[in-house]
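Here is a briefing on one protein model. Look over the sequence and the structure first, then read the points by topic.

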Amino acid sequence: HYILKLSFFYFVNSYLILFYLGFIKKDYNTFQAYLKSLFITTQIIGNVIEAAKPIIIKCFKQAKHLNDHVNNWKFDYSLASPTPVFFEYLELVIQFGYICLFSFAWPLAGLFAFFNNFIEIRLDSYKLCVTCKRPDMLTSPGIGIWYNILQFVSFVGVITNFAFLYIYKVDDIQSLCSHIPAWLLIVFTEHLFIIMKLLFMYIISDVPFSVVQSRRRGKLYIL
């Protein structure tokens, strides 16, 4: 419940302005420009700050103990603590929401998210191995409630994408199918996509078959 409440707060804080620009004010150009600024400017600045902060702390502490004989383990203990796992998950889920809910306004959002995550993986690796303390080991069978949050965002994404079609492309759709009301065609297609998503969720297993086989072999070895 704690994760759900905080996630809801961050979702409202992150997405409310986009819903207002895209679906209430219906200012497509401002909506698209704001989405571009999020992916190009905000994420770059966020990565720079996230990478620079522990490096600056480490350099400051190295300069402080420059003339002191400090054991390595004492110096490592004085390093900055790693970012809590909650905020790492939250960052990725919010980014997933931007792509899933609003990428119809700027299809290149997914590509920029890919490059951003590629760089962030390297930055996080450097941060965990060099500039931060070793994180405490926490075991988990999965990502927990975050899986349900991602599923919810993906379902809402189907609705927002077809709502975008109705608001901005209804005339084009009506010209293609003049004998069927545009809103009826959009609602039917939206329900069809949701059914297809549920069908794929049922058919495609969350655990690959190779992992299932490895688990079975491991149980046999234990027996």
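Is Phe114 buried or exposed? Phe114 counts as exposed, because its relative accessibility is 52% and the cut-off for exposed is over 50%. The model is a predicted one. The protein has nine helices and zero strands.

**Overall architecture**

- From the N terminus on, the elements run α-α-α-α-α-α-α-α-α.
- The protein has 223 residues, and 27% of them count as buried.
- Among contacts with a separation of 6 or more, 78% join residues 24 or more positions apart.

**Aromatic pairs**

- The whole structure holds 17 aromatic pairs.
- One of them joins Phe31 and Phe102, with ring centres 5.9 Å apart. The planes of Phe31 and Phe102 meet at 75 degrees, so this pair is edge-to-face.
- Phe31 sits in helix H2 and Phe102 in helix H4. With their positions 71 residues apart, the pair links distant parts of the chain.
- Phe31 counts as buried because its relative accessibility is 1%, under the 20% cut-off.
- Phe102 is buried too, at 0% relative accessibility.
- Phe114 and Phe115 also form an edge-to-face pair. Their centres are 5.6 Å apart, and the angle between the planes is 65 degrees.
- Phe115 counts as partly exposed, at 47% relative accessibility. Its partner Phe114 counts as exposed.
- Ring pairs join a set of residues into a cluster: Phe11, Tyr15, Phe19, Phe23, Tyr28, Phe31, Tyr98, Phe102, Phe104 and Phe164. Phe31 and Phe102 are thus both members of the cluster.

**Thr160 and its surroundings**

- Thr160 is found in helix H6, which spans residues 145-168.
- Why does Thr160 count as buried? Its relative accessible area is 6%, and buried means under 20%.
- A polar atom of the Thr160 side chain lies 3.0 Å from the backbone oxygen of Gly157.
- Leaving aside neighbours within four places in sequence, Thr160 is in contact with Phe19, Phe23, Cys100, Leu101 and Phe104.
- Of these contacts, Phe19, Phe23 and Phe104 also belong to the aromatic cluster.

**Largest pocket**

- The largest pocket has a volume of about 800 Å³.
- It is lined by 28 residues. Closest to its centre are Thr42, Gly46, Glu50, Phe87 and Glu91.
- Which helices each supply at least two residues of this lining? They are H1 (2-24), H2 (28-64), H4 (85-102) and H5 (109-131).
- H2 gives the most, with 10 residues.
- By class, the lining of the largest pocket divides into 12 nonpolar, 10 polar and six charged residues.

**Second largest pocket**

- The second largest pocket has a volume of about 520 Å³.
- Its lining counts 20 residues. Thr83, Pro84, Val85, Phe86 and Leu138 are the closest to its centre.
- H4 and H5 are the elements that give two or more residues to this lining.
- The largest share comes from H4, with four residues.
- The lining of the second largest pocket has 11 nonpolar, four polar and five charged residues.
- H4 and H5 therefore appear in the lining of both pockets, as H4 and H5 each supply at least two residues to the largest pocket and two or more to the second largest, where elements are helices or strands by DSSP.

**Gly110 and Lys26**

- Gly110 has its place in helix H5.
- Gly110 is partly exposed, with a relative accessible area of 29%.
- How far apart are the C-alpha atoms of Gly110 and Phe96? They are separated by 8.8 Å, and the two residues are 14 residues apart along the chain.
- Lys26 is found in the loop between H1 and H2.
- Lys26 has a positive phi of about 60 degrees, although it is not a glycine.

Definitions and conventions. Residues are numbered from 1 along each chain as its sequence is written. This is a predicted model: local features need pLDDT of at least 70, side-chain atom pairs count only at pLDDT 80 or more; totals for chains, interfaces and linings use all residues. Side-chain values use heavy atoms; hydrogens and water are left out. On a 1 Å grid over the protein atoms alone, a cavity is a set of points where a 1.4 Å probe fits but cannot get out, and a pocket is an open set with protein on both sides within 12 Å along at least five of seven lines; lining residues have an atom within 4 Å of a point. Grid points are joined across faces, edges and corners, and a volume is the space filled by probe spheres set on the points. Ala, Val, Leu, Ile, Met, Phe, Trp, Tyr, Cys and Pro count as nonpolar, Asp, Glu, Lys and Arg as charged, and the others, Gly among them, as polar. Buried means under 20% relative accessible area, exposed over 50%, partly exposed in between (1.4 Å probe, protein chains only). A polar contact is a pair of N or O atoms within 3.5 Å; within protein, one must be able to donate a hydrogen and the other to accept it, and residues adjacent in sequence count only if both atoms are side-chain atoms. Contact means heavy atoms within 4.5 Å. Rings of Phe, Tyr and Trp (its six-membered ring) pair if their centres lie within 6.5 Å; planes under 30 degrees apart count as stacked, over 60 as edge-to-face and the rest as tilted.
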